Amino acid sequence: MNGFTIFFLVNSDISVLACILFSSSLLAVLIRKRTMGTLLLWITFLSTTFAEILLGISFHLEALSATTMTTVTEALSYTSYILFASNIVFLYAFGNRLILRDNSFIQLVYFVGFVFPLALPVGLIFKNILEFHDPNLYTKVSLTISNLSIVMPVRSIALLAIMGPLGISAFLRIVIKAIRIQRGTKDKIAKEGFKYIWQGTFLWYMGYTLLFATLWYIPVFSTNPVLIVIIFMVKLIFSDIIGFLLLYLGWVMPDWLKRRLGTKSWIAKVYTGEIKVSEKKETTKSFVYKQEEHTQQQKTGFSAVVEVSDK
Amino acid sequence: MAFILKLFKKIKQSNVTIAGLDNAGKTAFVNYLIKGTFVPTVPTAGINRETINLPKLQLAVYDLGGQEKFRGLWTQVNEKANGLIYVIDSTDKARFDLTLQILYEILETQVNELIPVLILLHKHDLPERIELEEFLAKTDFTRFNVKWSCFETSAKTGEGIIKAMTWFIKELEAQTQ
Ligand SMILES: Nc1nc2c(ncn2[C@@H]2O[C@H](COP(=O)(O)OP(=O)(O)OP(=O)(O)O)[C@@H](O)[C@H]2O)c(=O)[nH]1
Ligand SMILES: [Mg+2]
C-alpha cells in the first residue's frame with residue numbers, strides 16, 4: 001500500500017464520518033419536528049451517506065485485494081455514483097419546496113428528467129454483474145502511482161447530457177432565487193439562514209459537479225494522480241464538510257447560532273406582554289407576548305407583568 | 001428554519017388552522033367570524049374548510065375536528081399553516097392539562113417556527129371559567145419560537161373576538177408583506 005492508496009482510504013473515511021455525523025444530527029431534528037423540508041434535506045444527506053459508504057467499502061476492498069478490481073468493487077463503486085447523481089433529485093425537491101416553488105408541470109419535467117437517466121443504469125448494473133465485465137459500462141481510471149483504480153460509468157456520459165443541463169439549471173435557479181430572497185428579508189435570522197442555504201447548496205453542487213465533470217470529461221484528470229487527489233480533496237472539504245454544515249445550519253438554525261446572530265431578544269425569552277382589559281362593555285382580557293421589547297430588568301418574568309392587568 | 005417557507009409566498013392567501021379539543025367551541029368561533037352571530041353546531045367530523053375574504057388577505061380556515069379519532073389528520077394541515085388558532089374551553093377544567101399537552105405537541109412537532117399563534121380562552125360568557133392570569137401561570141411557551149398571544153373570547157356574546165382577530169390578522173399580514 002502506497003501513499004496514494006492511503007490518501008484515498010483516509011479521504012473516504014473522513015467523508016463517511018462527516019456524512020454520518022450530519023445525517024444523524026438532522027435525524028434528531030427530524031424526530032423532534034417532523035416537517036417535509038427537514039425530511040427532504042435528510043433524504044439528501046442520507047443518500048449521500050450511503051453513496052460515501054459504498055464508495056468507501058469499494059476502496060477498502062480494492063486496497064486489500066491488491067491490484068485487481070473485482071466485480072463486487074465495481075458494482076459498489078458504480079452504485080455509489082448513481083446515488084450521488086440521484087442526490088440532485090432530492091436536493092432539487094428540497095430547494096423547490098423551500099425556495100423555487102415551481103408549478104407542477106415544471107416539477108414533473110425536472111423529476112422525469114432526473115429519474116429516467118437514473119433508472120437506466122440501475123438496470124444495467126444488474127445486467128453487468130451477471131455478464132461480468134462489460135467495457136461499455138465501466139472504464140477504469142488508473143492511478144499510476146497508486147494500486148487503486150476508480151470505476152467510472154461510461155454510458156453515464158450520455159445520461160449526463162440530460163442530467164447536466166437540468167441539474168445545473170435547478171442549482172443556479174435555487175442559488176439565484178435564494179440570494180434574492182436573502183436580500184429582501186428583514187428578519188436577521190432568516191437572512192442569515194438563507195445565506196447559509198444558498199452557500200451550502202452552491203458548495204455542495206460544485207464539489208460533486210467538479211468531481212464528475214473532470215473525471216468523466218477531461219482525460220488528463222483521470223490519468224494524473226495529483227489532479228485526482230486535488231479533486232477528491234475539494235469534494236471532501238466543500239461538499240461533504242462545509243456544504244453539508246451550511247445546509248444543516250441554515251435549515252435547522254440551532255439555538256446557539258440564533259443567539260450568536262441575534263440581538264439580545266434571542267438571549268432570554270421571558271414574558272413581557274401586558275394584560276389588557278377590553279374597552280367599554282366588554283369584560284374580556286388578553287395577553288400579547290412581546291419578544292422584542294424585553295430588557296435585562298424585565299427578566300422578572302410574567303408574574304410581575306400580570307399585576308398590570310386591571311389598569 | 002422551516003419558517004422561511006412563508007417568506008416566499010407572495011401571499012394573497014394565508015392558511016389558518018383552528019385546533020383544540022372536541023367541544024372547545026372551534027366551529028362556533030368560525031361561525032361567529034363568518035356570520036357575525038352565534039349558530040348552534042354539531043361536532044365536526046374531519047375537517048371543515050372555510051374561506052374568509054379580508055381587504056388584503058384571503059384566509060383559508062381549516063376547522064379541525066377535535067375528537068380523538070380525527071386528531072391524526074391535524075399534522076398535515078398544521079404543517080402548511082401560516083397561523084394557528086388554538087381554542088381552549090375555559091370551563092373544561094378536567095381536561096386542562098390534556099389540552100395544554102396537545103398544544104405543546106403541535107407547537108413542537110407540527111407547525112413552522114415564527115408563525116402567529118392565537119390562543120383563545122373560549123366560552124368567556126360562562127361563570128365557572130378559568131381566568132387569564134390562572135391560565136398564564138400554568139403555561140410556559142418560552143421554548144417555542146412563535147409569536148403568541150392569549151385572548152378571552154365568547155362565541156355567544158362575541159366578546160373579545162374582534163380584538164383577538166385584529167391581533168391575529170395584523171400578524172398574518174406582517175408575515176406576508
Ligand atoms: N356558552 C358558550 N358555549 C359555547 C361557546 N362556543 C361554543 N359553545 C358550545 O360548545 C359546544 C361545542 O361547540 P363546537 O363549536 O361544536 O365545538 P368544536 O370545538 O367545533 O368541537 P368539535 O367539532 O367536536 O371539535 C356547542 O354546544 C356550542 O354551543 C361560547 O362561547 N359560549
Ligand atoms: Mg367543530
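Which residues form a nonpolar patch on the surface? The patch consists of A:Ile6, A:Val10, A:Ile14 and A:Ile241, and together they have about 290 Å² of accessible area. This is a predicted model. Its magnesium ion (ligand 2) is coordinated by B:Thr27 and B:Thr44. The largest nonpolar core has 67 residues. Over all chains, the salt bridges come to 10.

**Surface patch**
- Helix 1 of chain A is the main contributor to the nonpolar patch, giving three residues.
- A:Ile6 sits in helix 1 of chain A.
- Its relative accessible area is 42%, so A:Ile6 is partly exposed.

**Magnesium site**
- B:Thr27 and B:Thr44 each coordinate the magnesium ion (ligand 2) through OG1, at 1.8 to 1.9 Å.
- The two residues are 17 residues apart and link distant parts of the chain.
- B:Thr27 belongs to helix 2 (residues 26-35) of chain B, whereas B:Thr44 is in the loop between helix 2 and strand 2 (47-53).
- B:Thr27 has a relative accessible area of 14%, so it is buried.
- B:Thr44 is buried as well, because its relative accessibility is 11%.
- Water is not among the atoms, so sites may look incomplete.

**Nonpolar cores**
- In the 67-residue core, the residues with the most contacts inside it are A:Leu41, A:Phe45, A:Phe94, A:Ile99, A:Phe114, A:Phe232 and A:Leu247.
- Elements of chain A that give two or more residues to this core include helix 1 (3-32), helix 2 (36-64), helix 3 (71-100) and helix 4 (104-131).
- Helix 5 (156-184), helix 6 (188-217), helix 8 (225-252) and helix 9 (255-261) of chain A also give two or more residues each.
- Another core, of 31 residues, lies apart from the 67-residue one.
- Among the members of the 31-residue core are B:Ile88, B:Phe96, B:Ile106 and B:Ile119.
- Leaving aside neighbours within four places in sequence, A:Ile99 contacts A:Ile174, A:Lys177, A:Ala178, A:Ile181, A:Phe194 and A:Ile197.

**Salt bridges in chain A**
- A:Arg173 and A:Asp102 pair through their side chains, at 2.5 Å from N to O.
- This salt bridge links distant parts of the chain, with its partners 71 residues apart.
- A:Arg173 lies in helix 5 of chain A, and A:Asp102 lies in the loop between helix 3 and helix 4.
- A:Arg173 is partly exposed, with a relative accessible area of 31%.
- A:Asp102 is buried, at 9%.
- A second bridge joins the side chains of A:Asp240 and A:Lys235, at 3.5 Å from N to O.
- Both of its partners are buried: A:Asp240 has a relative accessible area of 0%, and A:Lys235 has 1%.

**Salt bridges in chain B**
- B:Asp22 bridges to B:Arg71, and their closest N and O atoms are 3.4 Å apart.
- The partners are 49 residues apart and link distant parts of the chain.
- B:Asp22 is in the loop between strand 1 (13-19) and helix 2 of chain B.
- B:Arg71 is in the loop between strand 3 (58-64) and helix 3 (74-79) of chain B.
- B:Asp22 is partly exposed, with a relative accessible area of 23%.
- B:Arg71 counts as buried, at 17% relative accessibility.
- B:Asp22 and B:Arg71 belong to a network of salt bridges that also links B:Asp92 and B:Arg95.

**Chain B overall**
- Chain B has six helices and six strands.
- Along the sequence, the pattern of chain B reads α-β-α-β-β-α-β-α-β-α-β-α.
- Of the 177 residues in chain B, 61% are buried.
- Among contacts in chain B with a separation of 6 or more, 74% are between residues 24 or more positions apart.
- The accessible surface of chain B is about 7,200 Å², and carbon and sulfur atoms account for 52% of it.

**Backbone angles to check in chain B**
- Most residues other than glycine have a negative phi.
- B:Asn23 is not a glycine, yet has a positive phi of about 70°.
- B:Asn23 is in the loop between strand 1 and helix 2 of chain B, and it counts as exposed, at 60% relative accessibility.
- B:Lys123 is not a glycine either, and has a positive phi of about 65°.
- B:Lys123 lies in the loop between strand 5 (116-122) and helix 5 (132-138) of chain B.
- B:Lys123 counts as buried, at 18% relative accessibility.

Definitions and conventions
Residues are numbered from 1 along each chain as its sequence is written. Chains are lettered from A and ligands numbered from 1 in the order in which they are written. This is a predicted model: local features need pLDDT of at least 70, side-chain atom pairs count only at pLDDT 80 or more; totals for chains, interfaces and linings use all residues. Side-chain values use heavy atoms; hydrogens and water are left out. Donors are N, O and S atoms within 2.8 Å of the metal (3.2 Å for Na, K and Ca); water is not among the atoms, so sites may look incomplete. Helices (H or I, at least four residues) and strands (E, at least two) are DSSP runs, numbered from the N terminus. Buried means under 20% relative accessible area, exposed over 50%, partly exposed in between (1.4 Å probe, protein chains only). A nonpolar core is a set of buried Ala, Val, Leu, Ile, Met, Phe, Trp, Tyr and Cys residues joined through side-chain atoms within 4.5 Å. Contact means heavy atoms within 4.5 Å. Accessible areas come from the Shrake-Rupley method with a 1.4 Å probe; for residues, only the protein chains shown count as cover. A salt bridge is a side-chain nitrogen of Lys or Arg within 4 Å of a carboxyl oxygen of Asp or Glu. Patches are made of residues with over 30% relative accessible area and no salt bridge: like charges are joined within 9 Å, nonpolar side chains (Val, Leu, Ile, Met, Phe, Trp, Tyr) within 5 Å.
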